[in-house]
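Trainee: I should like to understand how the descriptive terms applied to a model are justified. May we take them one at a time?

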Amino acid sequence: MLAVGLAYGMFAVTAQAAPQQDVYDAVEEQQQPLLDTLATLVNIDSGTGFIAGLSEVEALLTERLEALGAEVEAHPAETYGGNTLVGRLQGSGDRNIMLMIHYDTVFGEGAAEERPFRIEDGRAYGPGVGDAKGGVAVILHSLEVLQTLGFDDYGQLTVVLNPDEEKGSLGSRDLIQQLSADQDAVLVFEPTFSEDAADAVTVVTKGINYAFLEVSGRASHAGGAPEEGRNAVMELSHQLLQLGDLGDPDKETTLNWTIVEGGTKRNIIPEQARAEGDMRYFDSSEYERVLNEANDIIANQLIEDTEVEFRLDKGRPPLPPNPETQGLAEQAQQIYQELDRELQAVEIGGGTDAAYAYHADSATPAVLESLGLVGGRFHSDEEFVLVDSVVPRLYLTTRMIMELSDADPES
Ligand SMILES: [Zn+2]
């Protein structure tokens, strides 16, 4: 890495406090091109399952990756459709690094036309601008920076862009698990929040399970023969009150009931009622515990002759606290220090694809989440990213790749 020596030579101050000037200059040159890419991506609707839009984005991303010298494969993502793109760049070293993010959004068709990309008071707005098209743009333009610098000390750089994250990555998770197994490091580009103007990467994410409670009763006329009915809504209410404490504060497990449905007409004793709940956890044994406890609890019924069923479907696993992730976070913090900026390492309650890349039975790959742009109000009409976060984030990713490529950092 000739570039490193040059940059250090230009600065009399300590290495930690100064940016590597050649990297920084190349990054600054990419700020406007990155915003242009972001505008193009945001202005194409690509809600999960909206194939026309996803295909348009896919074509664009394929073209961009190929222009950067990558070999690109498209893997169909079942369930919601679209393709997961896998781009590979061969380098001269032996470290394998994967850069991953989704290109679907939560927004429906027409959102981009209604609220096209715009910049106002230092904030860029538009559907998916942070979650996660900003992350896609950071990946593409950090590769541009590396190309400008002539850097190819990595072994293989694998870029993975999936089309179904917002609905659980059902059609891409197996591929993510498989591709990540051969990596030394996986960097994931979800956005990060700017609540208190502090920048952060994510080192821990909770796992998600989906709880379902179904009650079947018997319909009857509420005026003429209410005693003939078996009120599913009443039974459901009883069950929800009993099932309100399935969490475990010590283990930071939560289960919140969030959706309730039941009944059809005011004059009919309701035959069906159902509820859905959202479970978050770190400890994987919590699945069995919650399932068993819930099944014990529902045996206590309020109304005879109703049927009660509890189900717990598995969603994303957790990214638990682990030393390899911590190591990457500390590396990222040091790089931020070169810019005289502070970087926090945080835990988030939401699940992300980083968890699919994490292999609990192996020290590799090291996985770090939230290398995308800094912003807020994700999944809302006011979703934004800070324009000022483009340069530091691009610098961070570029320098992470450079350092991770160096098998022996002391050399
Ligand atoms: Zn996302």
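Mentor: We may, beginning with contact, which means heavy atoms within 4.5 Å. Please bear in mind that this is a predicted model.

Trainee: Which residues of H2 and H11 meet under that definition?

Mentor: From H2 they are Val23, Tyr24, Val27, Glu28, Gln30, Gln31, Leu34 and Leu35, and from H11 they are Val390, Val391, Leu394, Tyr395, Thr398, Arg399 and Met402. Sorted by class, this contact comprises ten nonpolar, three polar and two charged residues.

Trainee: Why are H2 and H11 called oblique to each other?

Mentor: Helix H2 (residues 21-42) packs against helix H11 (residues 390-405) at about 125 degrees, and their axes are 9 Å apart. Angles of 65 to 115 degrees count as roughly perpendicular and those over 145 as roughly antiparallel. The angle falls in neither class, and H2 and H11 are therefore oblique. Their crossing is right-handed.

Trainee: What makes H5 oblique to H11?

Mentor: The axes of H5 and H11 cross at roughly 60 degrees and come within 9 Å. Roughly parallel would require an angle under 35 degrees, and roughly perpendicular one of 65 to 115. The crossing angle meets neither condition, so H5 is oblique to H11. This crossing, too, is described as right-handed. On the H5 side the contact involves Val138, His141, Ser142, Val145, Leu146 and Leu149, and on the H11 side Arg393, Leu394, Thr397, Thr398, Ile401 and Met402. Those residues divide into seven nonpolar, four polar and one charged.

Trainee: At what angle do H9 and H11 pack?

Mentor: Helix H9 (residues 323-338) and H11 pack at about 125 degrees, with axes 10 Å apart. H9 and H11 are therefore oblique to each other, and H9 passes H11 in a right-handed crossing.

Trainee: Let us turn to the metal. Which residues coordinate the zinc ion?

Mentor: The donors are His102 (NE2), Asp131 (OD) and Glu190, which is listed with OE twice, at 1.8 to 2.7 Å. These distances lie within the 2.8 Å allowed for a donor.

Trainee: Why is the arrangement of the four donor atoms around the zinc ion called irregular?

Mentor: The donor atoms subtend angles of 53 to 143 degrees. A tetrahedral site needs all angles between 85 and 135 degrees, and a square planar one needs opposite donors over 155 degrees apart. The angles satisfy neither requirement, so the arrangement is irregular.

Trainee: Which parts of the chain does the pair His102 and Asp131 tie together?

Mentor: His102 belongs to strand S3 (residues 96-102), and Asp131 to the loop between strand S5 (123-125) and helix H5 (133-149), so the pair joins parts 29 residues apart in sequence.

Note on methods:
Residues are numbered from 1 along each chain as its sequence is written. This is a predicted model: local features need pLDDT of at least 70, side-chain atom pairs count only at pLDDT 80 or more; totals for chains, interfaces and linings use all residues. Side-chain values use heavy atoms; hydrogens and water are left out. Axes are lines fitted to C-alpha atoms, for helices over the stretch in contact, and angles run from 0 to 180 degrees between N-to-C directions. Helices (H or I, at least four residues) and strands (E, at least two) are DSSP runs, numbered from the N terminus. A crossing is left-handed if the near helix is turned anticlockwise from the far one by less than a right angle, and right-handed if clockwise. Ala, Val, Leu, Ile, Met, Phe, Trp, Tyr, Cys and Pro count as nonpolar, Asp, Glu, Lys and Arg as charged, and the others, Gly among them, as polar. Donors are N, O and S atoms within 2.8 Å of the metal (3.2 Å for Na, K and Ca); water is not among the atoms, so sites may look incomplete. Four donors count as tetrahedral if all angles lie between 85 and 135 degrees; four count as square planar and six as octahedral if opposite donors are over 155 degrees apart and all others between 65 and 115; anything else is irregular.
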